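Q: Hi! Could you walk me through how two chains meet? I'm new to this, so plain words please.

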Amino acid sequence: MYDVIIIGAGVSGCASARELSRYRAKVCVLEKAEDVCCGTSKANSAIAHAGYDAPAGSLMAKLNVQGNRMMERLSQELDFAFRRIGSLVICRDREEMPNLQALYDRGVANGVEGLRIVEQEELRRMEPHISEDAVAALYAPTAGIVCPFGMNIAFAENAAVNGVTFRFDTEVQDIRRTERGWLIETNQGPFEAKCVVNAAGVYADVIHNMVSEQKIRITPRRGDYCLLDKSAGSHVSRVIFALPGKYGKGVLVTPTVHGNLLIGPTAIDTEDKEGVNTTRAGLDQVLEKAGENVKDLPMRSVITSFAGLRAHEEHHEFRIGEVEDAAGFVDCAGIESPGLTASPAIGVMVSEIVRKILQLEENPAFVGTRKGIVNPQEMPMEERRQLIRENPAYGNIICRCEMVTEGEILDAIRRPLGARSLDGVKRRTRAGMGRCQAGFCSPRVMEILARECGKDISEITKAGGASKIVVGVNKDSL
Amino acid sequence: MKTYDIVIIGGGPAGLSAAVSAKKSGTDSILILERDKELGGILNQCIHNGFGLHTFKEELTGPEYAGRFIEQVQELQIEYKLHTMVMDISSDKVVTAMNSTDGLFEIRAGAVILAMGCRERSRGALNIPGYRPAGIFSAGTAQRLVNMEGYLPGRKVVILGSGDIGLIMARRMTLEGAQVQVVAELMPYSGGLKRNIVQCLDDYGIPLKLSHTVVEIRGKERVEGITLAQVDEKGRPVAGTEEEYECDTLLLSVGLIPENELSGGMGVELSRVTSGPVVNESLETNIEGVFACGNVLHVHDLVDFVSEEAAAAGRNAARYVQEAGSRKAQGTDKEAAGRTVEICAVDGVRYTVPSRINTERMEDIQTVRFRVGGVYKNCFVSVYLDEERILHRKRPVMAPGEMEEVKLKREELLRHPDLKAITVKVEEV
C-alpha cells in the first residue's frame, strides 16, 4: 500500500514525485514506457515561455510565470541545462500591431517582467536574420530554453534518491475505489494507494474517466518539428515566434541548449494517442513557415524530424486538483504548452494538494540537489585530463558527432533510473543525437548496454518493448 | 608538446597510403591518429571482394586490401595511435587529441594530412515522414552489424538508395538469409557502379526501381512496412503511384558526406559541391601545409583511386616539410613561384579535384578527377587551355555514380605562359 501513486513519468509526474519526496510518504510512479520522459515531455519546443500567451487570470498563466521564475535556481539545484536567452514575437504587418500590443498588455497582466516592444532597427541589430518585412516585435527577456530530457530525468533521479519508487513497463488498465483508497490494476499486477495523481499526459482523460462521472476529453494535438545541425545553431540567438494573426499561427525558430536549431511545430489534431508519426504535409509546412520570420535558414542542415503530441484539453486550461466525485484522486491533466515551463510550479501545486489530503509531514532526510552526468566538453583542459586519469573511460569517444565518451554512457546506465535502451542513453548523454543520427555509435552503445545490463546484443532495444535493433544472427534461417 | 613533421588524421585507406608515401618520400617523423581499435578504416567491414584491381592487379577483400598497406606502415615503422579521437586542429597546426591512456594531449604538426573519410546521410537528412521505430539503418551501420558483429538487422528488407554500399548490402543480406524485396532510387539512374548492379541485384533477382522513394514508414516500435511512390522530374512523389511493402527493415544508402567538422573548425575552405576542402595541385587546402585526400576530400567509388590520391598528398606533404626546413635554414619565406590557374568545371562537370593548379609545382602528369551531373551517352570529355582544346575523349557512357578523370601534362601547360583558365566540360556530339 502506497501513500501516493503517480501515473505517468513525464515532466509533470516526475516534478510532482520530486516535490512529494520532501514529505514522509511512500510514493510510487507507474509508467507504461520503459523509461521516464517518453511521451509529450520528450518531443516539444524545449522552451521556458515568458508567460504572455495564456489568458490573464488562468491557472495556465499563473503556473507559467511561476515555473519560469523557478527555472534558474532549479537548473542549478538539479543540474540540467537552461539558458535565459529571451524571445521575440515577430509582427510583419503594421495592421497587426494592435495584436502585438494586446500580447504585451496580457503579459503585463500576467506578471511577466521586462516586456517591451522593439522597433525594426533594434530588432535587426538583435537578430540579423529576421525577415525583411518584420516591422516590430515583442521582446520578452525572461523567456529561455531548457533541455526537456535533462529536466524530466533530473526530477525523476532526485525523486528516486529521496525514496520514490519507479515502476516501468507498467500500464494502468483499471482503477477502483476501495475502503482504504484506490486499487490500480496494471499489466504488472495490482497496486494500492491512498491517493492517486493522474499525470498521464495524452491518456489523462482515459485515466480520469476510470474514476469520475464527470468525463473529460484530451485531444492529442500533433506538432511536427525539424532539428538542424549545430552548424546552423547560431542562426538566431533568441526564441523567434510568429505573431498569431491573419497568416495563421506560424512556427517558431529557436536555438537549443545543445547548440542546434529547432523549427516547428505544426498543430494537427488526431485521434491516435500514439500517433507521433510526422507527415509530408506537416514537415513541408514547418519548412515553409519557418522561413516567414527568419530568412536564409539552411534547410540542407536538417538532421532529423520528429513529432510530439500535446495533451490538449478542450477548455485549453490546466486541470489540476482533486476530482470532485473521486476523493483522493488528483488530476494533473491538460498539461499542454506551456506545460514544460510550468512543470516546476505544477509539481509544487500537486504536492501541496496531496499534502493536505494526506496530512503529510516533512521528510527531514530530503536532499534537494542532484548532480547530472558530467559533461567533459565544458571542463577546462586540465580538469578534463584529471578526469581521464581517474577514469580512463572518459578518454574514449563513443559518439563522434556529439563527442560523448564511454564514461558518460556508463554513468547514464549506472545511475539511479539508469538508461536501458539506445534512446535512454541518447536522452541522457546525447550519444546518437548528432548529425549522423546514431549511424556510427549505435553498434558501440549496444555493446556497452549489453555488457552493463548482462544481456546479449540481440536483446538490446531502441526504446524498450518490441523495438529490438537486431532480429537474429547471420544465416540463422538458412 | 610533442612535435611531428606530418600528422595524419585517420588510419583508413587514405591515411595509410599517405603515410607510406610520405615516409618513402623521405620524411621520418610521421604520426597517424586513428579513432577505431585497428587501422584500415571502413575497409575492415567491406568483406566482399573487388578491391585492388588497379593497385595490385588482383581481386582482394577490403580487409586484405587494408592489410597490404598496414604491413607497409609497420615495415616502415610509421608511428600510429589507435582509439584516439582528434578533438580539434588549430589553424597553426596544433592537433588536440584524446584517448584513454594518454588522456587529452596536444601535438604540433609541421604538416597535417586530413584523411577522416566520410559519413552516411541519415534518414533525417532526407526528411522521410512517418514513425521513428527500430529497424531503420544506414547501409553502413547494417554492414558493420552483419560483417563485424555477426548480427542480422532484419529479415524482410527494403533498401532506399542505390549507392554502392546499398547494393553490396542487398547481396550480403540475401546471403545471410534475409529477403531483400526491392531497391528504390530517387534519381532516374543508379548512384552505384554498374558492376555492383549486375553482381548484387541482377544476379539475385532483386528489382531496382528508379525514380522511386519512400513516402511513409509504418510501425511504432519496429518497422512494419513502408510505402514507395514514383517521383516526378523534380523528385516529388506522384499521387496514385503508392505501393505498400511489408518489411521489418529499411536500409538507407542515400549518399555520403565528407566528414569535415575538424577541417571547417580550423578554417579550411570547403566546396559547396563536394562538401570537401578546396585544394590545389598538391592537394593542399587554403591553409599552407594542410593537405586532404580520400573521401574527406571528395567521395570516391574505388579505393584504388583513394590510395593513389593519398599517395600524392603524402608526397606533397613530405616535400612541403622538407622545403619548409630548408627555407628555415636560409631564413626565407615561401616563394610564390609559377602561376596558379583555376580549373573551371562547366557543362555537365560538377566539380574537379584539384580546382586550381600551380604550373610550377604540379607533377609532370597531373590527375584531375571529377563527376558529371547526369547520365551522358556517346559524349566527349574535353579540356580547354583558354580557347584551345587539348583533349577530346569519346566516352560511351558517363554517370554521376562513376568518377571520371583526365590527365594534364605539365609541359603542355608550360607552353601556355599566359594561361588564364583550364576548362573541363562534357561536349555532345
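A: Here is a look at where chain A and chain B meet. This is a predicted model, where local features need pLDDT of at least 70 and side-chain atom pairs count only at pLDDT 80 or more, while totals for chains, interfaces and linings use all residues. Residues are numbered from 1 along each chain as its sequence is written, chains are lettered from A and ligands numbered from 1 in the order in which they are written, and side-chain values use heavy atoms, with hydrogens and water left out.

Q: How many residues does each chain bring to the contact?
A: Chain B brings 49 residues and chain A brings 58 residues; contact means heavy atoms within 4.5 Å.

Q: And how much area do they bury?
A: About 4500 Å² between them, with 52% of it on carbon and sulfur atoms. Buried area is the accessible area (1.4 Å probe) that two parts lose on being put together, summed over both. On the chain B side, Asn127(B), Arg132(B) and Tyr151(B) lose the most area to chain A, together 15% of what that side buries.

Q: Switching topic: how many salt bridges are there between the chains?
A: Seven, counting a side-chain nitrogen of Lys or Arg within 4 Å of a carboxyl oxygen of Asp or Glu. One of them joins Glu176(B) to Lys475(A), with the closest N and O atoms 3.0 Å apart.

Q: Which strands pair across the chains?
A: Strand β23 (residues 472-473) of chain A pairs with β11(B) in the antiparallel sense, over two bridges. Pairing needs at least two DSSP bridges between the strands, and strands are DSSP runs (E, at least two residues), numbered from the N terminus.

Q: Who is the bridge partner of Gly472(A) there?
A: Leu152(B), in β11(B).

Methods:
Helices (H or I, at least four residues) and strands (E, at least two) are DSSP runs, numbered from the N terminus.
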